[in-house]
Every structure is written in structure tokens, then in C-alpha cells.
Amino acid sequence: MNSEEVSKRILDIVVELEAMPIVFLEAMEIMKDDQFSYSKLSKTISKDIALSARILNLVNSAYFGIPNPVTKINDAISLLGIKTVKGVIMGMAMKPMVMTKRGHELWKHSIRCAVASEILSENLKIASPEEAFVIGLLHDVGRAIFYIYNLSKYKDVEFLINKGTDKLTAEQSVYKVDHAELGYAFAKKYQLPAIICDSIRYHHSLQNSSASSVTGIVYVAEKITQDKFEDSIFDSEVSSVIDFELSNPLEFREMVFKRSDSIIGIL
Ligand SMILES: [Fe+2]
Ligand SMILES: [Fe+2]
């Protein structure tokens, strides 16, 4: 079986496990059509109380700084923008991953990357900030799927990593697919925009990305927000695809962590 077939099999099983409530799939189905109606989407989202509450909490959070409280899902969708709503829905679909300690760590990592990517995209005028946010949020979705599919197997991956194997090779040898390819299969299955699919697939191999500048943003975002802060954010790989410098990476990191904390509890 090649990695595409393995991804398909894993994704089928994860859906069968009902890790993703039907409302997510319905909402994604509606959003496949560019001309979809907001009211149809609102109706679908409203069926899931937890998802509705999260979307309303997010739009009313300090993060967005909207002065008057928003109480209707329809208004929340138009304020957040469809790309962010899509990201929240996808992020929520990954909710089972926060049930474990590892999952929660990954969750925090994803939010931080999303926030850092959004700010970098805004400042550098590369891609749209909403798109960058979704890419940051979902870049490691493949890892979340591994956790949902079979968490104990991931411990075998960690064992190999601790012995010096690089992450993607370790995943390949345990699951027969790595998290970048699996995440790509997931994004493609739910017909996310091509740029998002591409960035998820190549966030560990920038040179293969056809949207290398936005993928480069997520690459930098990931380095800045990783647990152990290292000063060397710009290695040769990223320098070859994007041309910018951060004058104070540590200060940037602190700002990202602060902004992320305001939404980590909400999503
Ligand atoms: Fe990551
Ligand atoms: Fe990754």
C-alpha cells in the first residue's frame, strides 16, 4: 500500500470512529460550493450547540475586539469570515485530540502557529491572514489524526525519534505514512483551498511547495512557537523561499503566546 492508500484507510477509520460528528461533515459539504448560502450554513452549525457556542465565544472574545456582543450564528459567520469559520469547524473536528495530554499540547501548538502565521502574513503581505491562520491551525492535523486513530502507536514513533530518527521517517516506518501526507489527504478530502492543502503537505519540505512563501510563513511560525526557543529561526531552507528578518524573535514569540492564550480556552 502506498502512502495515499494508507491515508485513505486511516481517514475512513477515523470517520467511522465518529471522531468527527456529522455536523462537521455537513458543514464542510455545504461550504464546498463557493456560492453556498450563509443561512443554510448557520442552520447546520446551530444544530451543534457546542460548535455554535464556540463560534460565538470566538467572535466575542478579546481577540477580535468587537464592541457589541454578537448573539447570532449568521452574524458571527459574516464577521469572522468564511475562512476562519472553516478553520474553527476543522479545528473543532479535531476536538477529540484535546482529550489526551499529548493532544492538548498539539492543540496549543496549533493555535500558537495559527496566530503567529496570521500576524506574519499580515505584516509581510503574503497570502491572506485568514488563510495563514487556517494553515497554521491545521498544519499538523495529520498528527492529530494519528492520535485519534491510534495513540499508542505514536509512542513507537516517539521512541524512534528519541533514538535519533527524524520525525517523518519515524512516522513512515510506524504508520506507513507521515503526518504531512496524512494531513494533506485530510485537507484534500474536505476540499480545502489548494494553497492550504499544499502548505500542509510541504510544511517540512519547503522546496517542494508550490506556495512556498506561505508555507515558509508556517515554517517560521512553527519555529518561533516551539516549546524550546532557539534563536536560529531562519535556516537556509526558509531563507531560500522567503526574504525577511525578525528584529526581535523573542518579543514576537511572547506577543504570539499572549494573543494565543486568549483563544486557546475558547476554541
Ligand atoms: Fe507543527
Ligand atoms: Fe509538522
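I started with α8 and α13, whose axes come within 10 Å and cross at roughly 55°. Here an axis is a line fitted to C-alpha atoms, for helices over the stretch in contact, and angles run from 0 to 180 degrees between N-to-C directions. That angle makes α8 oblique to α13, since angles under 35 degrees count as roughly parallel, over 145 as roughly antiparallel, 65 to 115 as roughly perpendicular and the rest as oblique. The crossing of α8 and α13 is right-handed (near helix turned clockwise from the far one by less than a right angle; anticlockwise would be left-handed). On the α8 side I noted Ala132, Ile135 and Gly136, which meet Val214, Ile217, Val218 and Ala221 of α13; contact needs C-beta atoms, placed from the backbone, within 7 Å.

A note to self on the source: this is a predicted model, where local features need pLDDT of at least 70 and side-chain atom pairs count only at pLDDT 80 or more, while totals for chains, interfaces and linings use all residues. Residues are numbered from 1 along each chain as its sequence is written, and chains are lettered from A and ligands numbered from 1 in the order in which they are written.

Next I turned to α7, which runs over residues 101-124; helices (H or I, at least four residues) and strands (E, at least two) are DSSP runs, numbered from the N terminus. This helix has 24 residues and reaches 34 Å from first C-alpha to last, close to the expected 34 Å (1.5 Å times one less than the number of residues).

I then checked how α7 meets α13 (residues 212-225), and found their axes within 8 Å of each other, crossing at roughly 125°. By that angle, α7 is oblique to α13. Here too the crossing is right-handed. The α7 residues involved are His109, Arg112, Cys113, Ala116, Ser117, Leu120 and Ser121. Their counterparts in α13 are Ile217, Val218, Val220, Ala221, Glu222, Ile224 and Thr225.

What comes just after α7? I found Lys125 there, with a positive phi of about 55°, although Lys125 is not a glycine. Most residues other than glycine have a negative phi. Lys125 sits in the loop between α7 and α8 (129-138). I looked up its surroundings too: Lys125 is exposed, with 8 other C-beta atoms within 10 Å (12 or fewer is exposed, 20 or more buried, in between partly exposed, with C-beta atoms placed from the backbone).

Then came the largest nonpolar core, which holds 71 residues; such a core is a set of buried Ala, Val, Leu, Ile, Met, Phe, Trp, Tyr and Cys residues joined through C-beta atoms within 7 Å. Which residues touch the most other members? I get Ile55, Leu138, Ile145, Ala187 and Ile200. Helix α7 gives the most to this core, with nine residues.

I followed Ala187 further. Leaving out residues up to four places away in sequence, Ala187 touches Leu138, Leu192, Ile196, Cys197 and Ile200. Ala187 is also one of the α11 residues at the contact with α12, together with Ala180, Glu181, Gly183, Tyr184 and Lys188. From α12, Ile196, Cys197, Ile200 and Arg201 take part. These two helices pack at about 165° with axes 7 Å apart, so α11 and α12 are roughly antiparallel. Their crossing is right-handed.

Is α11 mostly enclosed or open? Nine of its eleven residues are buried, so α11 is largely enclosed by the rest of the structure. Among the buried ones I listed His179, Glu181, Leu182 and Phe186. After α11 comes Gln191, with a positive phi near 50°.

On the other side of α11, I visited Lys176, in the loop between α10 (167-175) and α11 (179-189). Its phi is near 70°, a positive value in a residue other than glycine. Lys176 counts as partly exposed because it has 16 C-beta neighbours inside 10 Å. Beyond residues up to four places away in sequence, Lys176 touches Met1, Ser3 and Val6. Lys176 and Ser7 are 169 residues apart along the chain, yet 8.8 Å separates their C-alpha atoms.

Last, I looked at Glu5, in helix α1 (residues 3-16). Glu5 counts as exposed, with 12 C-beta neighbours inside 10 Å. Its C-alpha lies 28 Å from that of Gly164, 159 residues away along the chain.

Note on methods:
Two residues are in contact if their C-beta atoms, placed from the backbone, lie within 7 Å.
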